[in-house]
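Thank you all for coming. Please keep the picture in view while I talk, and let us take the two chains one after the other.

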Amino acid sequence: MLKERKEQTIVFKNKPRIIGNYSIVGPKEGKGPFGKMFDYVMKDDFFGEKTYEKAERKMLEHAIFGATDKAKLNPKDIDMLVCGDLLNQIITSSYAARAYDISYLGIFSACSAMALSIGIGASMVNAGYFQNVACATSSHFSTAERQFRFPLELGNQRPPTSQWTCTASGCTVISSEGRGPYIDSVTFGKVMDFGISDVNNMGAAMAPAAMETMISVFHDTKTTPDDYDLIITGDLGKLGAEILMDLMEQQGYKLRENYCDCGQMMFYYDQNVLMGGSGCGCSASIFNSYVIERLKTGQLKNVLYIATGALLSTTSCQQGESVPGIAHAIVVKSNVVTKSKTITKKEKNKIANKVEKQLSKFKSEEN
Amino acid sequence: MDYTKRNIKYNEYVNSKIPKTRSWPSLFYAFIVGGLICMIGQGIGDGIRAIWPDLAGNAVSNYVSIILIFIASFLTGIGVYDRIGAFAGAGSIVPITGFSNSITSPAMDFKNEGIIFGLCVKMFSIAGPVIVIGVLSSAIVGLIYLFL
């Protein structure tokens, strides 16, 4: 059994497949760059419920049901549900699991819950204990803000390093059979604490953990950053991503254009979110929409997904403790062969013009 | 590895990367909005004096405070005040309207947890320290005044 594990990384022999994926986001996220790729965009934050907590629960139920539906399965065909969220005592996950008559594994790993749940689910499927496992997470801006920071309507200014918790939920169904992208390996990370005690600077607190996990992935699987089509981190935000790139360079790995961060990509510059998005739904929704769809069509073949989390509570930070970070990584591969679409010169020029226009707009805004 | 040294080095590095708040524009917006709120207060006071010229000066300023508190609560309720606050910063926190906002906003948020344990308990979660410090400091100033 230990042959499959190299230090922190487990390489799966039986290739657990991703057969279903579903993402649901709030209205603000729906207006972001990935807006059209999500499966469902909510019209308002309440989602037809009376409280935000109930709305988050409904989002998660919706995501799980949507993913099983996309996998062409009945909810009763799912053998196990692995779920996590941000709220105290992970109430969203547990209450959402009431609706399903299946084994439930509630996890807490802050914003890195998506990668951890997929890692656990894939391990179970690979070992042959379960056939279909649903892995899901969710986060809601209004519930998280209320729990961790200030009331919603309080007229205060956000510090420049703060991030915006995404209202989003994502679900992945992993199966031992079927077609689609498969999970190649999972790396369970270590808790890293570099002594950042500013609660509003989570990117800097999580970047060392992301670095540690990323290095173990490269070390254990004997790869370099250039071997991946896409390296995607969870919710480091703009500052955290810059710090991670610096830290990796110090360790001798240069991250190039194939690296990006979900938190940074979730919103447009002018949506007033400062350093970008955060929360477990942030990377979960992008992973379950853009990344898996591209893997399915074969446009991406080899993706390293590292979800990062800040393991803090309001009690610990009020007592002056620093913020520990965690990061879990999964490598998803696809062996779909696609006919590459040839782009005509005219279309190329059109795209180039569009990019140039956006760049100049971005620059003028920055000035 | 020496963890404390590493942490200090990392913290210094992070601090050098953090984008700085530009203080002059923030000060300007705070001054404009804060001044505007005070002007509105003065306007209300003058209006009251024009309508009821017999009112004592003390009573007029009390009415002005009550009206400003109501306006701020109302704006919080319809979701406008947090936008003003995000723009103005201290300009909308320091006047009495900011205090009103800091009581109304948790009350709105926690009304789902029940009247007693939700709304009434959480109502002062932001404004509580202000009241405690206010009462304490007024007592201390009163004592000093007594002995002078």
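Chain B contains 8 helices and 0 strands, and so that you can follow along from the N terminus, the order of its elements reads α-α-α-α-α-α-α-α. Please bear in mind that this is a predicted model, and that every value I mention was computed from it.

How does the radius of gyration of chain B stand against that of a compact globule of 148 residues? For such a globule we would expect a value near 15 Å, whereas chain B has 21 Å. Along the principal axes, the C-alpha atoms of chain B occupy a box of roughly 75 × 50 × 35 Å. Of the 148 residues in this chain, 29% are buried, and its accessible surface is about 10100 Å², with 73% belonging to carbon and sulfur atoms. Chain B carries 10 positive and 7 negative charges, whose mean positions are 14 Å apart.

Let us now turn to chain A, which has 11 helices and 15 strands. Its radius of gyration is 20 Å, close to the 21 Å that the globule rule gives for 367 residues, so chain A is as compact as a globular protein of that length. The box filled by its C-alpha atoms is roughly 55 × 50 × 40 Å along the principal axes.

In chain A, 56% of the 367 residues count as buried, and of the roughly 16200 Å² that this chain exposes, carbon and sulfur atoms supply 51%. Finally, there are 41 positive and 39 negative side chains in chain A, and the centres of these two sets lie 8 Å apart.

Methods. Residues numbered from 1 in each chain as written. Chains lettered and ligands numbered in written order. Predicted model: local features only at pLDDT ≥ 70, side-chain atom pairs only at ≥ 80, totals over all residues. Heavy atoms only, no water. Helix = DSSP H or I, 4+ residues; strand = E, 2+ residues; numbered from the N terminus. Rg over C-alpha atoms; globule rule 2.2 N^0.38 Å. Buried < 20%, exposed > 50% of the residue type's maximum accessible area, 1.4 Å probe, protein only. Areas by Shrake-Rupley, 256 points an atom, 1.4 Å probe, with all protein chains shown as cover. Lys, Arg positive; Asp, Glu negative; His and termini not counted. Charge placed at Lys NZ, Arg CZ, Asp CG, Glu CD.
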